Amino acid sequence: MSDTLTLGRIPLDDYAELLGAGEIEELRALASPLRGRSIQMVNSTAVGGGVAEILTRLVPLAEELDLNIKWEVMGGGEDFFEVTKAFHNALHGAPYHASQRDFDIFLAYNKMNREKLPLDAEFMVIHDPQPAALIEARRPGANHWVWRCHIDLSHPNRTVWDFLEQFVSKYDGAMFSSPEFSRQLPIPQYLFYPAIDPLSEKNWELDREFIAQVLARYGIDPQRTILTQISRFDRLKDPVGVIRAYRIVKRYFDCQLVLAGGSASDDPEGAVVLKEVLREADGDPDIKVLELPAWAPLEVNALQRASTIVLQKSLREGFGLTVSEALWKKKPVVASAVGGIPIQIIHKHTGLLAHSVEGTAYQIRFLLSHPEIATRLGEHGHEHVKENFLITQKLKRYLTLLLTLARA
Amino acid sequence: MNAAETPFEFVTVSYLTRIGNQSAGTLAELLTGLEHCSDASIFHHTFQTLGSHHFLTEGFSNDFAQWVLSDTNRNDLAEQLAVLDVRDYVSIAALRSDLCRVVADYCTVHSHFAGQSALERFYFCESVEVTVPLGRNARTLDEFRDGIAHLSHSSFYFHFISSRLRVQLRTNDFSHWLADGLGLRTLADSVNHIDIYTNTLDSARSKLLRLIDRERRKT
């Protein structure tokens with residue numbers, strides 16, 4: 001049931017061209033005291049979701065630094081994942097009545113995994129709530145344990161959080177994606193941003209011909225202004241609000257709107273939202289509502305690169321890494337000031353923040369009127385991502401954390 | 001070529017951001033936070049943020065000023081906070097004292113703004129610093145130049161900006177060694193006059209390298 005994952009090599013030196021040789025030398029210097037020392041990452045899924053996507057790249061890069069790193073995936077039955085999915089939603093603030101049976105299922109699978117997984121590395125990094133109770137396997141003083149929380153705990157369901165907190169408070173530290181997402185805990189809490197990989201399909205450079213092909217495939221005119229929001233069809237991403245903002249902009253500027261998200265065919269709620277979006281679009285030929293396949297990194301990359309302005313008009317957001325993806329491509333971004341977005345968009349420096357449909361429309365019009373400002377915001381945004389939200393920076397943060405734990 | 005007795009040792013730094021327990025939703029709460037937060041927190045929001053946002057050379061100075069500007073819309077106070085120049089400080093206590101004075105004075109004069117809710121809260125964080133030697137050092141100006149040309153941003157920041165607090169002098173590691181190690185006081189002074197607010201780390205490094213090249217041509 002539990003798995004140790006083996007991943008292909010990703011040469012660290014490939015990043016030197018983008019970041020400079022000094023940055024890679026620095027990673028090697030930071031890793032030097034940790035060479036050969038064991039690190040174990042544990043999460044609950046090998047594929048799908050942001051955590052698996054990051055570990056798939058991060059673990060091979062850590063191996064390049066001669067760290068003895070392993071990635072273990074905990075096992076669980078359908079009943080376990082039903083419970084943890086409900087916990088996940090409840091921790092995000094959704095209404096939920098947890099029963100004793102739910103807690104028993106959670107504890108039983110964690111116990112089973114404690115018996116199967118080695119859990120004896122010098123540094124144990126446990127991701128998200130599912131494996132949080134593995135900490136019970138720790139022998140006093142034997143190794144360092146940290147908990148990485150990828151979800152927003154700012155308004156959690158009290159019962160579920162109280163249950164989890166008893167385990168979390170036994171760790172040596174916890175990492176959150178934003179200060180806003182953290183909790184009052186008796187252990188140190190650290191800021192760990194999610195990251196994008198500049199050499200992944202979603203972010204690597206594309207040739208113009210490929211971008212043109214993608215635009216042609218979806219009937220988008222490359223000669224006219226393109227406003228884009230890439231998001232699943234979810235009310236919290238406010239696609240209807242995006243259309244309303246576009247309509248205000250359209251009174252003053254000729255433009256097209258691209259709303260691209262994963263297919264809603266296997267997501268009942270997504271299908272409902274998609275219908276609402278199509279109703280709001282009302283047959284406007286300049287609104288392109290695209291249902292992309294579940295994994296379409298090259299199309300997303302091309303649409304972002306072809307955009308004049310990228311939007312992220314969410315009503316609520318985790319970190320919102322699509323913002324960093326757009327900034328990396330030097331695109332001006334107009335986004336809502338929610339969740340982790342203000343960390344990425346420093347207002348008037350790396351993009352523009354908005355708080356309403358009208359505000360979003362105003363900021364878009366401002367950028368369309370001042371293309372030189374739009375260009376500068378995009379360039380600063382690119383530098384901001386380079387300094388803070390790349391996978392190499394994430395690796396550096398992990399090295400710093402491990403050195404801090406080792407020296408404590 | 002002149003060689004220093006004590007070599008310049010290149011070091012790099014990495015910061016972990018620790019989330020504190022304090023936050024502010026008004027200017028009055030910002031003042032309370034400034035009075036009570038740790039030295040590591042003042043460092044994080046002033047010195048360290050200057051390094052991590054070095055690419056912003058127009059109007060970004062420190063996190064306090066940026067929050068006051070974008071979340072409380074008090075441009076005049078933001079300007080007063082932004083003009084505090086970290087080069088004028090060799091201790092966090094002195095910097096904290098000035099930050100508190102500026103915010104307290106503003107809240108006294110504009111008491112109606114002191115309790116107004118900000119758009120987003122300000123979260124006090126701290127920097128946890130880890131330094132590691134890069135295993136390279138320099139005894140001559142040529143070796144020094146070569147070392148600087150290959151430094152990462154963090155390492156350059158460590159030697160050029162945050163060093164003031166370490167050496168407790170109104171200078172930086174590079175100038176300190178150029179003057180004391182190689183006796184090049186004029187060059188050291190010129191290096192110390194490179195503006196860290198209107199330059200990115202890359203452009204500051206380019207200026208520094210040009211100054212060194214000019215000195216090498218003299219010899």
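**A guided look at a predicted two-chain model**

Visitor: Why is B:Ser70 called partly exposed?

Guide: The relative accessible area of B:Ser70 is 24%. Buried would mean under 20% and exposed over 50%, so at 24% B:Ser70 falls in between and counts as partly exposed. Keep in mind that this is a predicted model, so the value is computed from predicted atoms.

Visitor: Where does B:Ser70 sit, and what does B:Ser70 touch?

Guide: Look in helix H3 of chain B for B:Ser70. Setting aside neighbours within four places in sequence, B:Ser70 is in contact with A:His347 and B:Leu119. For a sense of distance, try B:Glu9: it is 61 residues from B:Ser70 along the chain, and their C-alpha atoms are separated by 40 Å.

Visitor: What makes B:Asn73 count as buried or exposed?

Guide: Its relative accessibility is 54%. The cut-off for exposed is over 50%, so B:Asn73 counts as exposed. You'll find B:Asn73 in the loop between helix H3 (63-71) and helix H4 (75-82) of chain B. The backbone has a quirk there too: phi of B:Asn73 is near 60 degrees, a positive value in a residue other than glycine.

Visitor: And A:Leu119, how do you know whether A:Leu119 is buried or exposed?

Guide: Same kind of check. A:Leu119 has a relative accessible area of 6%. Buried means under 20%, so A:Leu119 is buried. A:Leu119 is not a glycine, yet has a positive phi of about 50 degrees. Its place is the loop between helix H5 (100-116) and strand S4 (123-127) of chain A.

Visitor: What makes A:Trp204 partly exposed?

Guide: A:Trp204 comes out at a relative accessible area of 35%. Since buried is under 20% and exposed is over 50%, 35% puts A:Trp204 in the partly exposed class. A:Trp204 belongs to the loop between strand S7 (189-191) and helix H7 (208-217) of chain A.

Visitor: Which residues does A:Trp204 touch?

Guide: Not counting residues up to four places away in sequence, A:Trp204 touches A:Pro198, A:Leu199, A:Leu298, A:Asn301 and A:Arg305. As for A:Phe181, that residue is 23 residues from A:Trp204 in sequence and 30 Å from it in space, C-alpha to C-alpha.

Visitor: Why is helix H8 of chain B called mostly covered?

Guide: Just count along residues 153-160: eight of the eight residues of H8 are buried. Each of them must then be under 20% relative accessible area, so "mostly covered" fits helix H8 of chain B. Among the buried ones are B:His153, B:Phe156, B:Tyr157 and B:Phe160. Over chain B as a whole, 58% of the 219 residues count as buried.

Visitor: How do you know where the largest nonpolar core lies?

Guide: That core has 101 residues, and A:Trp147 and A:Phe176 touch the most other members. Both domain 1 (3-195 + 391-407) and domain 2 (208-388) of chain A give residues to this core, so the core lies between them. There is also a second, separate core of 70 residues, including B:Leu77 and B:Phe174. In soluble globular proteins, nonpolar side chains tend to be buried together.

Visitor: How do you know that the two domains of chain A are in contact?

Guide: By heavy atoms within 4.5 Å: 17 residues of domain 1 of chain A meet 13 residues of domain 2 of chain A that way, so the two are in contact. Their centres, taken over C-alpha atoms, are 30 Å apart.

Visitor: What are the domains of chain B, and how many residues take part in their contact?

Guide: The domain assignment gives domain 1 (8-13 + 133-218) and domain 2 (14-126) for chain B. The C-alpha centres of these domains of chain B lie 28 Å apart. Their contact takes 19 residues from domain 1 of chain B and 21 residues from domain 2 of chain B.

Visitor: What is chain B built from?

Guide: Chain B has 12 helices and two strands. Along the sequence they follow the pattern β-α-α-α-α-α-α-β-α-α-α-α-α-α. The C-alpha atoms of chain B fill a box of roughly 65 × 30 × 25 Å along the principal axes.

Conventions
Residues are numbered from 1 along each chain as its sequence is written. Chains are lettered from A and ligands numbered from 1 in the order in which they are written. This is a predicted model: local features need pLDDT of at least 70, side-chain atom pairs count only at pLDDT 80 or more; totals for chains, interfaces and linings use all residues. Side-chain values use heavy atoms; hydrogens and water are left out. A nonpolar core is a set of buried Ala, Val, Leu, Ile, Met, Phe, Trp, Tyr and Cys residues joined through side-chain atoms within 4.5 Å. Buried means under 20% relative accessible area, exposed over 50%, partly exposed in between (1.4 Å probe, protein chains only). Domain bounds come from an automatic or database domain assignment. Helices (H or I, at least four residues) and strands (E, at least two) are DSSP runs, numbered from the N terminus.
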